[in-house]
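Biologist: I'm new to this one. Could you walk me through it?

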Amino acid sequence: MQTDALVGRAREGDKNAQGRLVKLWYKRIYNFNYKFFFDHDLAMEVSQKTFIAMHKNIGGLQEVSRFKSWLYTISVNFCREELRKKKSNKSLSLNDLRPGEGEDSYRWEESGNRGENPDRQLRHTELSDLLQSCLMELSDEQREVVIMKEYEGLKFREIAEALNISENTVKSRMYYGLDGLKRILERRNITKETIGYEL
Amino acid sequence: MSYKPDEATLISYLYGELDAKESEKVIQYFQQYPEALKQFHEMANTLNVMRTVEDKEVIAPTIFVGQDTGSPFWQSSYFKMSMSIAASFLLIIAAGKLSGLEVSYSSGELRISFGNKQAIQREIIQPTNLLTQNQVQEMIDASLTTNNSVIAANWTETQKKLDKSIKNSLAVNSQKIDDLMKNTSHASEEQVRGFVSSLQADNLRLMKDYMQLSSKEQKQYVETLLVDFSSYLKEQRNQDLQLFQTRMTSIEKNTVQFKQETEQILASIISSGSKSKNTY
């Protein structure tokens with residue numbers, strides 16, 4: 001509801017409302033991009049591009065209720081563009097060159113709430129990264145749908161709008177995405193029990 | 001039960017987005033196919049495992065977007081692109097002009113040249129003295145006349161040579177015949193007699209052989225002729241007999257028929273006579 005009001009004001013050129021929309025949706029869009037690329041820098045870059053595009057084009061948004069799927073459409077388009085660039089121009093993050101171990105690793109730096117239980121937090125981050133790497137083995141189309149549904153909590157209708165495909169296609173991609181993940185987890189011997197032991 | 005939920009239905013069921021009626025169908029399907037239910041549970045477990053991935057904390061950066069005052073048209077990408085294409089063409093044209101580029105196509109020949117056009121000296125042989133038609137005709141006539149006279153001279157000469165050769169040949173042959181006659185006249189009487197007697201003996205032998213051979217052939221021929229004649233007579237006799245028999249049979253038939261007709265006529269006459277008598 002808060003979003004709808006902000007979108008309405010932002011459409012009329014309210015800079016303050018646009019800024020608040022950025023603060024409200026930045027984390028979601030960043031996490032979507034991060035899970036899509038499994039790369040912090042790319043996720044940041046695409047997120048910024050997404051919100052710049054939002055700022056430029058929000059005046060042309062027809063329906064306020066479609067803001068969410070519209071924003072994800074922009075983000076997915078930038079993701080695909082970056083993916084094409086990445087395929088043609090192979091690059092490696094400096095963090096990946098020297099990942100380090102334990103407290104020396106960059107993941108330690110990135111992990112939040114370290115003061116609470118640093119060791120447990122690090123293991124959690126490593127597990128997340130492990131599962132994230134499983135997600136990266138899916139095809140781009142399946143990964144988009146799984147992230148949008150499972151992590152971003154979009155409805156199937158909203159995903160269909162964002163990707164400009166039918167709901168049945170979304171569900172079909174979701175099914176085969178989950179089936180693929182099941183096989184990947186089996187191959188890597190990751191089960192609910194092993195995760196429970198790790199945590 | 002032929003119902004089998006498709007992927008979309010299973011996913012909707014997994015997220016609890018299926019209506020009650022459809023859900024009931026899926027539950028019944030799972031009850032009938034425990035293997036499908038097992039697979040479904042495995043998928044749900046996969047989902048639970050994947051849900052342990054946490055969101056990354058991130059602070060939204062301050063995004064500065066400058067005032068969009070509307071850039072002039074010469075800063076637009078379309079203008080820049082069209083200008084760059086035009087500049088490229090201009091550059092190419094200028095380079096072509098400076099280098100004297102010339103591209104031409106005529107009568108199936110593409111010519112690309114640089115620099116000034118150089119005249120190509122071609123040697124064309126001009127006819128110096130042109131002959132008229134009459135002159136050519138005169139030349140042909142003169143040539144024909146000369147040719148004819150040469151042929152006639154050759155012919156006369158060849159004829160003369162031929163006559164001479166025939167005369168020589170005749171003279172040689174007559175000389176040879178005269179020599180032969182002279183030799184013959186010089187032959188002795190005995191030689192002549194011997195020659196004649198040998199000729200007579202040869203003739204006699206030939207006549208004998210001929211007569212002998214001739215008598216044998218005649219005998220064979222006469223025998224054959226007699227045999228053929230006898231067979232002919234026999235055949236003729238048979239045919240005559242058959243003819244005679246046929247005639248006789250015919251006469252017999254006619255006689256019987258005549259007899260029957262006569263009887264019929266008589267019977268009719270008698271019957272008609274009796275009828276007339278009764279009427280009276």
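Modeller: Sure, and keep in mind that this is a predicted model. Ask away.

Biologist: How many helices and strands does chain A have?

Modeller: Reading chain A from the N terminus, the elements run α-α-α-α-α-α-α-α-α-α-α. That comes to eleven helices and zero strands.

Biologist: What share of the residues of chain A counts as buried?

Modeller: Buried here means under 20% relative accessible area. Chain A has 199 residues, and the buried share of them is 49%.

Biologist: Which residue in the loop between α2 and α3 of chain A should I look at?

Modeller: That loop lies between α2 (15-37) and α3 (40-57) of chain A. Most residues other than glycine have a negative phi. In this loop there's a residue that isn't glycine yet has a positive phi, near 55°: A:F38.

Biologist: And A:N189, is that buried or exposed?

Modeller: A:N189 sits in the loop between α10 (167-187) and α11 (192-198) of chain A. Its phi is positive too, about 55°, although A:N189 is not a glycine. The cut-off for exposed is over 50%. With a relative accessible area of 57%, A:N189 is exposed.

Biologist: Over in chain B, which residue stands opposite B:E102?

Modeller: Strand β1 (residues 102-106) and strand β2 (residues 109-113) of chain B pair in the antiparallel sense over five bridges. They form a hairpin with two residues between them, and B:S107 in the turn has a positive phi of about 45°. The residue in β2(B) opposite B:E102 is B:S113.

Note on methods: Residues numbered from 1 in each chain as written. Chains lettered and ligands numbered in written order. Predicted model: local features only at pLDDT ≥ 70, side-chain atom pairs only at ≥ 80, totals over all residues. Heavy atoms only, no water. Helix = DSSP H or I, 4+ residues; strand = E, 2+ residues; numbered from the N terminus. Buried < 20%, exposed > 50% of the residue type's maximum accessible area, 1.4 Å probe, protein only. Pairing = 2+ DSSP bridges.
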